[in-house]
Amino acid sequence: MNKTTKMVIVLTVITGLSGAILSSWDSVTKPKIEYHKLQALKVAISDVLPSYDYYEEKDIDGKTIYIGKLNDSTQPTGIAFKVDGSGFQGNLSIMVGVDPSFTSITGIKVLEQIETPGLGTKIVEDPSNKTDPFWFPEQFVGVIFSPQINVVKNSIPQNSNEIQAISGATISSKAVVRILNEDISIMKELYQSVN
Amino acid sequence: MAKTPTPLSKEFLKGLWNENPILRMLLGLCPTLAVTNSAINGLSMGLATTFALLCSSILISLLRKIIPSQVRIAGYIVIIATFVTVADKFLAAYLPEISKALGPYVPLIVVNCIILGRQEAFSSKNGVGRSIIDALGMGSGFILVLLVLGSIRELFGSATIFNLQILGDWFNPWMIMILPPGAFLTLGLLIGLGNWLNERKVKI
Amino acid sequence: MNLLLLFISAAIVNNFVLTYFLGICPFVGVSKRVSSAVSMGLAVMFVMTITAAVTWLIYHLLLVPYHIEILEYVSFILVIASLVQLVEMFIKKVSKPLYDTLGIYLPLITTNCAILGLALFSVLRDYSFVESLVFGIGAGAGFTLALVIMAGIREELELSNIPKPFRGAGITMIVAGSLALAFMGFAGLISM
């Protein structure tokens, strides 16, 4: 057999085999991967919204919002959506829940971050605080974001629009607040324009 | 082909120490440094790499007489990339937490010099049985170093090993150990230690 | 995202070698002389920029429309390997002096994880075409920077009295650790 033909045939067979293996493996794993993604989304939504029986997905101008509702009422219990922005070292992606009138936050959950381990990562969980490792995200519950959320350092927040910064990770704390301040008002306008 | 066949046990053990891929041959350093901020990450990475190495070695030693030498590298990388994709999707489907922690370093196994290096140096010249032993030995050597490195960094960086509290509250974790500089420093010290032991003719 | 910020982020703040550990093998292997470090750096930067463009096109024009993202790794590594070959042949034809400087480093680039890493990161972060191009140049510049600094230090190290077991790779890793520590100081430079 000609050398070149042999080369082409062998490579084609190997590539074809690889394609066959992968496409069959893909059909096995894809549903599972999709399932995990959906599960993660559901957990995030239930973490940030007050109790609801089911949620509706709605697209407004390319942004997806999740509206929590009770079975016996058409009134939403809260609205959740994803916000993005740059943190200390890279992108921060946060799921945030607000009350239906868009005045206060019902919960936040950081979905993606690459902050400094041990410092900036406290925006997700603070293992050094044994009694309440989630103190940072939890203090956003009930915070009123008009005119805007403010960050205070080294003191207990006095007003209902203030949250306490993480010591050693002020920039990460401020980044979370800045993203929330910017994006919630945008989502508010979007939401109210269709309702 | 070796003139006198080396005993299989030696073929396996060389990967653990004398030809340890990381400490002696300095191959596959990227994943070694990147994912060893905890013992469990190091172990998972080691297992995923060994899986890809083992499967590729078996297939390539089976095909060694069929693949023309001019296109062997292209053939090898397609085979390696295929098995790495299988491992990556397996992690994403069944162990999503670990998959998230390892991130893009799982697909980067494709360019792990250990795998291509073993195909070129061993599987393309030896039979299936011998290639399996070689792959398992090299894989174990790789896992061992990743595990040691991950444990050291997790112990000093988070006071735990495999998420079990080892050091008490009196210990203030050295944050630097789980950050990038800690990876370089720990590996540098391990390589030095490896050389030192080797010079004293410590054999295992 | 602002393109300039993206460039600085890729080159300095999130340096490929010192924070993502990509391209460590050439970082240890080719950092003995400043002159060869510069050549290697330039070769990597060149291939990175082209790779960023080509893999973006492949992913968004071929893999996504036909729903065969599963072939991502296989196709990327094949593209990179063939690109490196093409670049090598091209440089050989066009400029002999350039080939003499970069030539021997080009084959090494195929298994340089920084190249594949670059392609994977731009998919993962959903960069646009222009963004991934800038990301490629920035990452290449960052790689060159780290390599040249390291080579400068290693030239000095040769004259110093290092404990024998640490000579070579051991001390290189420890110096890289100090460099990574220094580069951490850049974190936060671009966040606000």
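A salt bridge here is a side-chain nitrogen of Lys or Arg within 4 Å of a carboxyl oxygen of Asp or Glu. By this rule the count comes to nine over all chains.

The model is predicted, so local features need pLDDT of at least 70 and side-chain atom pairs pLDDT 80 or more, while totals for chains, interfaces and linings use all residues. Residues are numbered from 1 along each chain as its sequence is written, chains are lettered from A in the order in which they are written, and side-chain values use heavy atoms, leaving out hydrogens and water.

**Exercise 1.** Work out which parts of chain A the pair Glu56(A) and Lys69(A) ties together.

*Solution.* Start with the distance: the two side chains form a salt bridge at 3.1 Å, N to O. Next, place the partners, taking strands as DSSP runs of E, at least two residues, and helices as runs of H or I, at least four, numbered from the N terminus. Glu56(A) sits in strand 1 (residues 54-60) and Lys69(A) in strand 2 (residues 63-69), so the bridge links parts 13 residues apart in sequence. Last, check exposure (buried is under 20% relative accessible area, exposed over 50%, partly exposed in between; 1.4 Å probe, protein chains only). Glu56(A) is partly exposed at 31%, and Lys69(A) is buried at 13%.

**Exercise 2.** Do the same for two bridges in chain B, Lys14(B) with Glu11(B) and Arg72(B) with Glu120(B).

*Solution.* Lys14(B) and Glu11(B) meet at 3.0 Å, N to O. Both belong to helix 1 (residues 8-16), three residues apart, about one turn of the helix. Lys14(B) is buried at 11%, and so is Glu11(B), at 8%.

Now Arg72(B) and Glu120(B): their N to O distance is 2.6 Å. Arg72(B) is in helix 4 (residues 72-94) and Glu120(B) in helix 6 (residues 113-123), so this pair ties together parts 48 residues apart in sequence. Arg72(B) is partly exposed at 27%, as is Glu120(B) at 28%. Finally, shared partners join Glu11(B), Lys14(B), Arg118(B), Arg130(B) and Asp134(B) into one network of salt bridges.

**Exercise 3.** Find what surrounds Glu162(A), a buried residue without a salt bridge.

*Solution.* Glu162(A) lies in strand 7 (residues 162-164) of chain A. The nearest side chain of opposite charge, Lys174(A), is 13 Å away (Lys and Arg count as positive, Asp and Glu as negative; His and chain ends are not counted). A polar atom of the Glu162(A) side chain does lie 3.1 Å from the backbone nitrogen of Gln158(A). Leaving aside neighbours within four places in sequence, Glu162(A) is in contact (heavy atoms within 4.5 Å) with Val143(A), Asn150(A), Val152(A) and Pro157(A).

Terms used:
Polar contact = N/O pair within 3.5 Å; in protein donor to acceptor, adjacent residues only side chain to side chain.
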